[in-house]
Amino acid sequence: MRSGIRQHTWPARRVRPWQVQPRGLARPVIHELPEQAEQRVNRRSRIHGLRITSLMTEAFLVSAGGVALAEIGDKTQLLSLVLAARYRKPWPIVFGVLAATLANHAGAGALGQWLSSLLTPSAMRWALALSFIAMGAWVLAPDRLRTEDARPARTRLGIFGTTVLTFFIAEMGDKTQIATIALAARFHDLPSVVIGTTLGMMLANVPAIFLGERFAHRLPTTAVHAVAAVMFIVLGVLALCDVGLGSQ
């Protein structure tokens, strides 16, 4: 008779739900109410909107302040003095300067954004840094109005048309136009930059048109140019350090 081994089987232990050990750190599923989800979306939208507004305000203020300071004593401001002394009618000259500046700086800003799209981020950083630092050095150099610029062209366009034509041509290649190109490439916000640089030009030129030589001689041109130079050099250093460029 063969002897067999009897295997004893224990009954399966019943595991209670609270005895189950979780695998990993799992978060409990929380069901949001529709009102809570809507509040969360609205909160994110407000934060995003505030960030965009802050960037637009920065682009506008830097553009307006930098160009206004750089325009003091510039050849286009001297041209405004010449036009005001010749025609003795300030309002057509003011509107002519406004129209010429808007057209010129809109094209300059569009060129700046187009150039920024062609360059790699690293090349763009170096280009902006060198441009702003060069602008800072350029602002310190005294500007002179050439004889041909001091003689507005004789046209049948009237005071307004003559101002637009003469001011637009004088602004070509000027330091404020180059600054607009660099600012548009830096901030990637064409409307804020163009409006800011145009406002800066008007802040510098309108008092010169109405007050003439009295306004020009009372300005501390050297001190104003020094402040503008520091502002542009700081922008160049920030661009070189890649501060704020990646967030645009």
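Visitor: Is D74 buried or exposed in this model?

Guide: This is a predicted model, and in it D74 is buried, with a relative accessible area of 0%. Buried stands for a relative accessible area under 20%, so D74 qualifies.

Visitor: Where along the chain does D74 sit, and which residues does it touch?

Guide: D74 belongs to the loop between α1 and α2. Setting aside its neighbours within four places in sequence, D74 has contacts with D143, D174 and K175. With K175 there is also a polar contact of 2.9 Å, side chain to side chain. In sequence D74 and K175 are 101 residues apart, while their C-alpha atoms are 8.3 Å apart in space.

Visitor: How many helices and strands does the chain have?

Guide: There are 10 helices and zero strands. Following the sequence, you read α-α-α-α-α-α-α-α-α-α. As for burial, 35% of the 248 residues are buried. You can also look at contacts with a separation of 6 or more: 89% of them are between residues 24 or more positions apart.

Visitor: What share of the accessible surface belongs to carbon and sulfur atoms?

Guide: The share is 64%, out of an accessible surface of about 15,900 Å² for the chain.

Visitor: How should I read a single helix? Let us take α3: how far does it reach?

Guide: One approach is to set its reach beside the expected one. α3 has 29 residues and spans 42 Å from its first C-alpha to its last, close to the 42 Å expected at 1.5 Å a residue. Then look at which residues are buried: in α3 they include I93, G96, A100, N104, H105 and G112. The buried residues of α3 pack against α2, α4, α6, α7 and α8.

Visitor: N104 is on that list. What does its side chain meet?

Guide: N104 lies in helix α3 and is buried, with a relative accessible area of 2%. Its side chain makes a polar contact of 2.9 Å with the side chain of Q177. A polar atom of the N104 side chain also lies 3.4 Å from the backbone oxygen of F168. Apart from neighbours within four places in sequence, the contacts of N104 are F168, E171, M172 and Q177.

Visitor: How do I find the nonpolar core, and how many residues does the largest one have?

Guide: A general idea helps here: in soluble globular proteins, nonpolar side chains tend to be buried together. In this model the largest nonpolar core has 34 residues, and those with the most contacts inside it are I93, F132, L183 and F232. Elements giving two or more residues to this core are α1, α2, α3, α4, α6, α7, α8 and α10.

Visitor: Which residues is F132 in contact with?

Guide: Beyond its neighbours within four places in sequence, F132 touches A182, L183, R186, F232, I233, L235 and G236. Two of these names, L183 and F232, appeared just now among the residues with the most contacts inside the core.

Visitor: Which residues does UniProt list under "transmembrane region"?

Guide: The unreviewed UniProt entry gives residues 90-111, 123-141, 153-170, 190-211 and 223-245. You can check such a span against the model. Residues 123-141 are 95% helix and 0% strand, with end C-alpha atoms 27 Å apart. Residues 190-211 are 100% helix and 0% strand, and there the end C-alpha atoms lie 32 Å apart.

Visitor: A208 falls in a helix too. Which one, and how is A208 placed relative to I72?

Guide: A208 is in helix α8 and is buried, with a relative accessible area of 0%. From A208 to I72 is 136 residues in sequence and 9.6 Å in space, C-alpha to C-alpha.

Visitor: Now the backbone angles. What is the phi of R88?

Guide: Most residues other than glycine have a negative phi, and most peptide bonds are trans. R88 is not a glycine, yet it has a positive phi of about 60 degrees. You will find R88 in the loop between α2 and α3, where it is exposed, with a relative accessible area of 68%.

Visitor: And what is the phi of H188?

Guide: H188 also has a positive phi, near 55 degrees, and is a residue other than glycine. H188 lies in the loop between α7 and α8. H188 is partly exposed, at a relative accessible area of 42%.

Methods. Residues numbered from 1 in each chain as written. Predicted model: local features only at pLDDT ≥ 70, side-chain atom pairs only at ≥ 80, totals over all residues. Heavy atoms only, no water. Core = buried A, V, L, I, M, F, W, Y, C linked by side-chain atoms within 4.5 Å. Buried < 20%, exposed > 50% of the residue type's maximum accessible area, 1.4 Å probe, protein only. Helix = DSSP H or I, 4+ residues; strand = E, 2+ residues; numbered from the N terminus. Contact = heavy atoms within 4.5 Å. Polar contact = N/O pair within 3.5 Å; in protein donor to acceptor, adjacent residues only side chain to side chain. UniProt positions renumbered as here; feature names shortened; annotations may be inferred. Expected span 1.5 Å × (residues − 1). Areas by Shrake-Rupley, 256 points an atom, 1.4 Å probe, with all protein chains shown as cover.
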